[in-house]
Amino acid sequence: MKFTGTDAYVATQDLTVAVNAAITLERPLLVKGEPGTGKTELAVQISKALDLPLLEWHIKSTTKAQQGLYEYDAVSRLRDSQLGDERVHDVRNYIKKGKLWQAFEAGERVILLIDEIDKADIEFPNDLLQELDKMSFNVYETGETVTAKHRPIVIITSNNEKELPDAFLRRCFFHYIKFPEPETLQEIVKTHFPDIKDHLLATALTQFYEIRDTQGLKKKPSTSEVLDWLKLLLAEDLTPEDLRADTRTALPKLHGALLKNEQDVALFERLAFMARGQR
């Protein structure tokens with residue numbers, strides 16, 4: 001069972017090595033990187049490449065680790081008991097299975113995505129240590145133990161907004177998705193827009209990397225944003241000559257796809273003003 005990328009996802013050699021190492025070690029793969037570099041999409045493409053079902057657990061700031069195992073609805077059970085509902089005699093009627101439980105009881109091996117783990121409380125990763133390590137957990141309300149029938153391939157993503165505990169990191173195989181080099185990004189673009197003209201692509205990517213390398217930029221545009229930008233360029237049927245930035249503001253064409261806050265827009269306007277003053 002080897003992952004080598006897909007027609008829709010360009011996986012660098014170091015990324016494929018990381019994925020396959022995590023599968024061999026039966027450890028969760030912790031993937032970090034800038035937002036928009038394809039961390040979440042990686043799990044989708046591994047699922048497609050290996051022909052395995054995908055379960056997605058998207059983490060929010062309010063998410064608790066227990067929700068990944070199960071949730072017990074005591075309030076509904078109390079209400080039903082007051083109404084004389086026969087369902088109250090079986091506590092299982094009030095237990096909602098979480099994504100880990102679903103992955104553990106699946107009839108075949110699955111891909112389990114725990115997306116943006118750094119959004120949750122700092123204790124969230126530690127609360128999952130035992131379950132991810134032993135691949136089992138107890139359901140206290142029923143007294144049963146849920147054990148994985150087939151050990152899932154666990155992909156965990158992080159935008160590096162929070163430091164993760166050492167004990168958690170020790171149990172993972174780690175990979176950082178670096179922002180792609182121009183050659184790799186060109187290959188990524190070609191998978192999405194195979195008919196794009198080479199001259200337009202070269203001009204657009206040159207301008208894109210100049211924007212990313214601008215000193216003082218608050219948010220550098222990501223891979224997903226350059227794909228959005230190129231989609232707009234193609235939709236507008238712009239030529240390489242059309243891509244010249246506005247000399248008054250130094251802003252690229254359709255800059256709203258690349259620059260996502262007013263500080264960065266103002267930065268380019270200031271740079272244009274300074275450039276005019278030096279002439």
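Two strands count as paired if DSSP finds at least two bridges between them. In this predicted model, strands S2 and S5 meet that condition with five bridges, and they run in the parallel sense. Within the pair, Leu55 stands opposite Leu112 of S5.

The side chains of S2 alternate along the strand. Leu55 and Trp57 point to one face and are buried, whereas Leu54, Glu56 and His58 point to the other face and are not buried.

From this strand pair the description passes to the nonpolar interior. The largest nonpolar core comprises 32 residues. Leu100, Phe104, Phe124, Phe137, Ile156 and Phe168 have the most contacts inside this core. Two or more residues come from each of the strands S2 (54-58), S5 (111-115), S6 (136-139) and S8 (153-158), and likewise from each of the helices H3 (65-69), H5 (99-105) and H7 (129-134). Helix H5 gives the most, with four residues.

Phe168 can be followed in detail. Leaving out residues up to four places away in sequence, Phe168 touches Ile117, Pro125, Asn126, Leu129, Leu132 and Ile156. Ile156, like Phe168, is listed among the core residues with the most contacts. Apart from the largest core lies another one, of 26 residues, including Leu205, Leu217, Leu227 and Leu233.

The next feature is open space. The largest pocket holds about 630 Å³. Its lining consists of 32 residues, and Tyr9, Thr37, Gly38, Ile177 and Ile188 lie nearest the centre of the pocket. Helices H1 (13-25), H2 (39-50), H9 and H11 (223-235), together with strand S9, each supply at least two residues of this lining. Sorted by class, the lining has eleven nonpolar, 14 polar and seven charged residues.

Strand S9 (173-177) and helix H9 (182-192) are joined by a loop that contains Pro180. Is Pro180 buried or exposed? Pro180 counts as buried because its relative accessibility is 11%, and the cut-off for buried is under 20%. Setting aside neighbours within four places in sequence, Pro180 is in contact with Leu185, Ile188, Tyr209 and Thr223. One of these, Ile188, is also among the residues nearest the centre of the largest pocket. Pro180 and Ser222 are 42 residues apart in sequence, while their C-alpha atoms are 9.7 Å apart in space.

Key:
Residues are numbered from 1 along each chain as its sequence is written. This is a predicted model: local features need pLDDT of at least 70, side-chain atom pairs count only at pLDDT 80 or more; totals for chains, interfaces and linings use all residues. Side-chain values use heavy atoms; hydrogens and water are left out. Buried means under 20% relative accessible area, exposed over 50%, partly exposed in between (1.4 Å probe, protein chains only). Contact means heavy atoms within 4.5 Å. A nonpolar core is a set of buried Ala, Val, Leu, Ile, Met, Phe, Trp, Tyr and Cys residues joined through side-chain atoms within 4.5 Å. On a 1 Å grid over the protein atoms alone, a cavity is a set of points where a 1.4 Å probe fits but cannot get out, and a pocket is an open set with protein on both sides within 12 Å along at least five of seven lines; lining residues have an atom within 4 Å of a point. Grid points are joined across faces, edges and corners, and a volume is the space filled by probe spheres set on the points. Ala, Val, Leu, Ile, Met, Phe, Trp, Tyr, Cys and Pro count as nonpolar, Asp, Glu, Lys and Arg as charged, and the others, Gly among them, as polar.
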